[in-house]
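Visitor: I am new to this structure. Please show me how to read it, one feature at a time.

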Amino acid sequence: MKTLVTGATGFIGSHLIPALVDRGHQVVATDAVAEPRWITSKLNIPYERADLGSDAEAKELVLRVRPDGIVHLAGLLAEACEANPQLGFRINVMATLALLRWCVAQGTRRFVMASSPSVFGRGLPEPVANDAVKLPETVYGQTKLACENLLDWYRRVHGLSVGAVRFPWVYGPGRTTGLTALHSSFLLDAIARGEEVVVEDADQAGDWLYVHDAVRSLILMLEKGTHSRVAYNIMGEVHSVREAMNIAQELFPKARIKMRHSAPAPYPYASSFDDTQARDELGWRPEYSIRRGMKEHVETVRRSLAVA
Ligand SMILES: NC(=O)c1ccc[n+]([C@@H]2O[C@H](COP(=O)([O-])OP(=O)(O)OC[C@H]3O[C@@H](n4cnc5c(N)ncnc54)[C@H](O)[C@@H]3O)[C@@H](O)[C@H]2O)c1
């Protein structure tokens, strides 16, 4: 299967691409930034630089590559969308619309993307059900909900095979963007570097999903033929930052972690989401406990620092 991966040089993309290559996909990577060496020299796969905020570039890319499937990860995360809603809609929504349009035009069969539980507002019973009412409070959540609705329209009207997985706090080595990284990946990166970790909002809770499991859910979705819904909640393990850092302290006894007793800042998302539908229909199960994920994350960063 020829699979085009957008957002290829980003955090999740850089973990997804080697996994797809291992599974025998003929991968074409694309992103807005210059060609990274790990894609072309280590994996020896084609890399296409394109700004998907431009309909002309999206069209040219899809019509030239002619993929069987697309995994769409390119986009702006929450803080960038809040800072510039117009840009958030252009990159997250208009780019998705352009790709969907050109998929239909050229005969791409499968379109899968990363969505987010930010499509739900606050105040819903937790864990939030897959099909609960969606009243997003953030611009980011609004863009993701617009994308889910576009996927649904392309499925009904054009018969395109589409799917989205809603990721909670994805953590793992290599994450550089996003609000939720402050509570997860950045803390583990600091532990790996031997720096003191000061947690300001220790009682903020969230769902910790290791990047390996996020990647597996995307591949399950990509390779799945049929499923009843467009978008599925995906869950890891729910912990407050305090609980997670206590586990990290046990795993890495030399880590210097300080936790403050500040009240959690108002947070626009719920903490836990019900992924029963993904389990029943996609066969989704996380493979990583938080202990296993944190250990692998810190050890991977330490290895890369030793090599550098
Ligand atoms: N990381 C998480 O916890 C999380 C949670 C929920 C959903 N998601 C979604 O998963 C996807 C990937 O997230 P990530 O953590 O890898 O983010 P990331 O910021 O690391 O990667 C996003 C990539 O998109 C690319 N991009 C941005 N604008 C572009 C444009 N105009 N044209 C082409 N490429 C462009 C960037 O260069 C970057 O490489 C995003 O859609 C994000 O909304 C992530």
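Guide: Start with how the two domains meet. This is a predicted model. In it, 14 residues of domain 1 are in contact with 16 residues of domain 2.

Visitor: Which elements supply the side of domain 1 that touches domain 2?

Guide: Five are listed as giving at least two residues each: α1 (11–22), α4 (78–83), β7 (169–171), β9 (205–210) and α8. By class, that side of domain 1 has 9 nonpolar, 3 polar and 2 charged residues.

Visitor: Where do the bounds of the two domains fall?

Guide: Each domain is written as several stretches of the chain. Domain 1 takes in 2–170 + 208–236 + 277–282. Domain 2 takes in 172–206 + 239–266 + 288–307. Their centres, taken over C-alpha atoms, are separated by 26 Å.

Visitor: Where does the ligand lie relative to domain 1 and domain 2?

Guide: Look at who gives residues to its shell. Both domain 1 and domain 2 do, so the shell around the ligand lies between them. The ligand is surrounded by 25 residues, and the closest are G7, G10, A74, A114 and V170.

Visitor: Which element gives the largest share of the shell around the ligand?

Guide: That is α1, with 3 residues. Both α1 and β7 supply at least two residues of the shell. By class, the shell has 13 nonpolar, 10 polar and 2 charged residues.

Visitor: Which residues are buried in α1?

Guide: The buried residues are F11, I12, G13, S14, H15, L16, I17 and L20. Just after α1, G24 takes a positive phi of about 90°.

Visitor: Now a single residue. Is V215 buried or exposed?

Guide: Count the C-beta neighbours inside 10 Å. With 20 or more, a residue is called buried. V215 has 22, so V215 counts as buried. V215 is found in helix α8, residues 211–223.

Visitor: Which residues is V215 in contact with, leaving aside neighbours within four places in sequence?

Guide: They are I12, H15, L16 and A19. Sequence distance can mislead here. V215 and S14 are 201 residues apart along the chain, yet 9.9 Å separates their C-alpha atoms.

Visitor: How do I read a strand?

Guide: Begin with the general idea. In a regular strand, side chains alternate between the two faces of the sheet. Now take β5, residues 110–115. On one side are R110, V112 and A114, and on the other are F111, M113 and S115; all are buried, and both faces of β5 are covered.

Visitor: Why is β5 described as largely enclosed?

Guide: Because 6 of the 6 residues of β5 are buried, the rest of the structure largely encloses β5.

Visitor: How many bridges join β4 to β5?

Guide: There are 4, and the two strands run parallel. For one pair, V71 has V112 of β5 as its bridge partner. V112 also has a bridge partner in β6, which is G163.

Visitor: In which sense do β5 and β6 pair?

Guide: In the parallel sense, over 6 bridges. S115 pairs with R166 of β6. To get from β5 to β6, the chain passes through helix α6, residues 139–158, and this β-α-β crossover is right-handed.

Visitor: What about the surroundings of β6?

Guide: Strand β6 covers residues 161–166, and 5 of its 6 residues are buried, so the rest of the structure largely encloses β6. Strand β10, residues 231–233, runs parallel to β6 and is joined to it by 3 bridges. One partnership is between A164 and A231 of β10.

Visitor: Which residues are joined by a cis peptide bond?

Guide: E126 and P127, with omega about -5°. P127 has its place in the loop between β5 and α6.

Visitor: Last, the backbone angle phi. What is the sign of phi in N44?

Guide: It is positive, about 55°, although N44 is not a glycine. N44 is in the loop between α2 (37–42) and β3 (47–49). N44 has 8 other C-beta atoms within 10 Å and is exposed.

Visitor: Where does R66 lie?

Guide: In the loop between α3 (55–65) and β4 (69–72). Phi of R66 is near 50°, a positive value in a residue other than glycine. R66 is exposed, with 12 other C-beta atoms within 10 Å.

Note on methods:
Residues numbered from 1 in each chain as written. Predicted model: local features only at pLDDT ≥ 70, side-chain atom pairs only at ≥ 80, totals over all residues. Contact = placed C-beta atoms within 7 Å. Domains from an automatic or database assignment. Nonpolar A, V, L, I, M, F, W, Y, C, P; charged D, E, K, R; others polar. Near = placed C-beta within 6 Å. Pairing = 2+ DSSP bridges. Right-handed = clockwise from strand over helix to strand, strands pointing away.
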